[in-house]
Amino acid sequence: MTVRTRFAPSPTGFLHVGGARTALFNWLFARKHGGQFILRIEDTDEKRNTAEANQVIFDGLNWLGLDWDEGPDKGGDYGPYRQSERNAIYEKHLAVLEAGGHVYEDEGSIRFRSPRKTVLVEDMVCGRIEFDMSNPATHPDMTIRRPDGSWIFHFVNVVDDIEMKLTHVIRGEDHLSNTPKHIELYNALGATPPKFGHIPLILNHEGKKLSKRDGGSSITYFMDLGYTPEAVINYLCLLGWSPGENRERLDVAEIRELFDLEHINRRNAIFDLDKCFWLNGQHILAMSLERFVQLAKPFVDKAGIPYGTEVALLPALAIVKPKVKHLSDVPDWIGFLFTEDFAMDAEAVEKSLKKPGATARLRALSEAFATVTDWTHASLETTLKATATVLGIKTGEMVHPARVALSGRSVGPGLYEMIEVLGKDRTLARLERAKSLAAE
RNA sequence: GGCGCCUUCGUCUAGGGGUUAGGACACAGCCCUCUCAAGGCUGGUGCACGGGUUCGAAUCCCGUAGGCGCUGCCA
């Protein structure tokens, strides 16, 4: 039997991190077992069904790297993959329920008549749970169709899962209490229920369900701020799941290999942006320069940094890669390398250049650098340190004014690396220019 | 209210009868150091509570409390 899982979001114009994690777990499960991952859009509420809202889902999943085998944009053997286009299928299944005497009309809507028995849910995450459905007062018959003919989630969801031959349904724990009702529906439709796995919810810092208002509740937030997909995937999978052995930074390939439903715990998790942020830095540090360029370049382009060719951009990105935590910070970190019109931070100028002797130091450094033929960070370091020694000052007393003179600020990439990237001409010119700002 | 699920540092978690209860983020201090990071070291804070069972409970059982979810003609 081929494993078939799905992600079935409603197009709200927003891809929630909880939804993204549900998608991730389904994707991981399918990929791990050599199965298929299906994308189905649950747009029974047609008001929400806009092209933009659909696109947000596609973009988010694509960004995360969660590819699907069947879906509205891809087709497949069990389409259409939008509920708004599956009306005939629902009618057909409703007829089956009618024929079996499982439904009745109630003020224009259609309700499913519960068999009123105990339903056993055997959940891959939660274990065996019995639900006593015998009391109509506490478990009323669910509505499956509104008087206006539109369908209710429970019904279409089950019908689609049957029709699309899904074998495993991994979803949020908010559906655990709905599951016995869904199983009743499967039975009435003569279908075998899939295996269910209910994963814990993601909560905000107040312990409430993460809402749109909470920072980091939307995948767009991570895309815009310059998180890497690898870090977000990593963080999301660590919420409610652990591979053991104190592993923290994992790449997707490792996660695909290690992931299993057995190690999903059952308690809800509070979303911690701090840790996600840390993980992002870890992934940036660990990734190849090629990957970093691929991820950072759009941010640099968007900021309009005049780097010219990609060949010129590469060394700049290389020296900030170990420092940067958000890709959106990259333009700010490399901007001074591509313009002579960079801002001079007043505080930094005050602290490092307005010091007695600063001019002499810059002059000495400038003269020393002028003789350097091997313009590499290693020999630049040697030269700078030797110059400081000659002047009888500590390395730092030379480094700080130089950094401000060359970049306009007191923090940045490694000084020698940035001088190397700057090149001899620009370095000497900037040192010269800074003398006018420096104290005698 | 009813039903279901859950409860290990502030947060994410490991641990499922004998552990000095481990790791990570965050926080503090120190080291390294050209800044900022990274890295290294150190530190504090935790088994919700009450009863059992047991020689021994964070771990098993019962209860209580708290949290979350469902109880929609939302998904």
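This report describes three parts of a predicted model, namely the surface around RNA strand B, the helix α17 and the surroundings of R40.

## The surface around RNA strand B

Around RNA strand B there are 62 residues, of which K208, G240, R266, R267 and K323 come nearest. Of the atoms of the strand that come within 4 Å of the protein, 71% belong to sugar and phosphate. Sorted by class, this surface holds 21 nonpolar, 20 polar and 21 charged residues.

Several elements supply at least two residues each to the surface near RNA strand B, and these are β4 (109–112), β6 (127–132), α4 (153–163), β11 (269–270), α9 (273–286), α16 and α17. The largest share, five residues, comes from α9.

## Approaches to the phosphates

Individual atom pairs show how particular residues meet phosphate oxygens of RNA strand B. In the case of R146, a polar side-chain atom lies 2.8 Å from a phosphate oxygen of the strand. With F153 the backbone is involved, since an N or O atom of its main chain lies 3.1 Å from a phosphate oxygen of RNA strand B. G240, which is among the residues that come nearest to the strand, likewise has a polar backbone atom, here 2.4 Å from a phosphate oxygen.

## Helix α17

Helix α17 spans residues 415–422, and its buried residues are L415, Y416, M418, I419 and L422. Viewed down the helix axis, these buried residues fall within an arc of 165°, so they line one face of α17. As a general matter, an α-helix has 3.6 residues a turn, so residues three or four places apart point the same way.

The buried residues of α17 pack against α11 (310–320), α14 (358–370), α15 (377–391), α16 (395–407) and α18 (424–434). Of these partners, α16 also supplies at least two residues of the surface near RNA strand B, as does α17 itself. Just after α17, G423 takes a positive phi of about 90°.

## The surroundings of R40

R40 lies in the loop between β2 (36–39) and α2 (51–64), and this arginine is buried, with a relative accessible area of 0%. The side chain of R40 makes a polar contact of 2.8 Å with the side chain of E42, and another polar contact, also given as 2.8 Å, joins it to the side chain of D161.

Leaving aside residues up to four places away in sequence, R40 touches R6, F7, A8, P9, Y81, Q83, N157, D160, D161, M164 and L166.

Conventions. Residues numbered from 1 in each chain as written. Chains lettered and ligands numbered in written order. Predicted model: local features only at pLDDT ≥ 70, side-chain atom pairs only at ≥ 80, totals over all residues. Heavy atoms only, no water. Buried < 20%, exposed > 50% of the residue type's maximum accessible area, 1.4 Å probe, protein only. Helix = DSSP H or I, 4+ residues; strand = E, 2+ residues; numbered from the N terminus. Arc of directions from axis to C-beta. Contact = heavy atoms within 4.5 Å. Near = heavy atom within 4 Å. Polar contact = N/O pair within 3.5 Å; in protein donor to acceptor, adjacent residues only side chain to side chain. Nonpolar A, V, L, I, M, F, W, Y, C, P; charged D, E, K, R; others polar.
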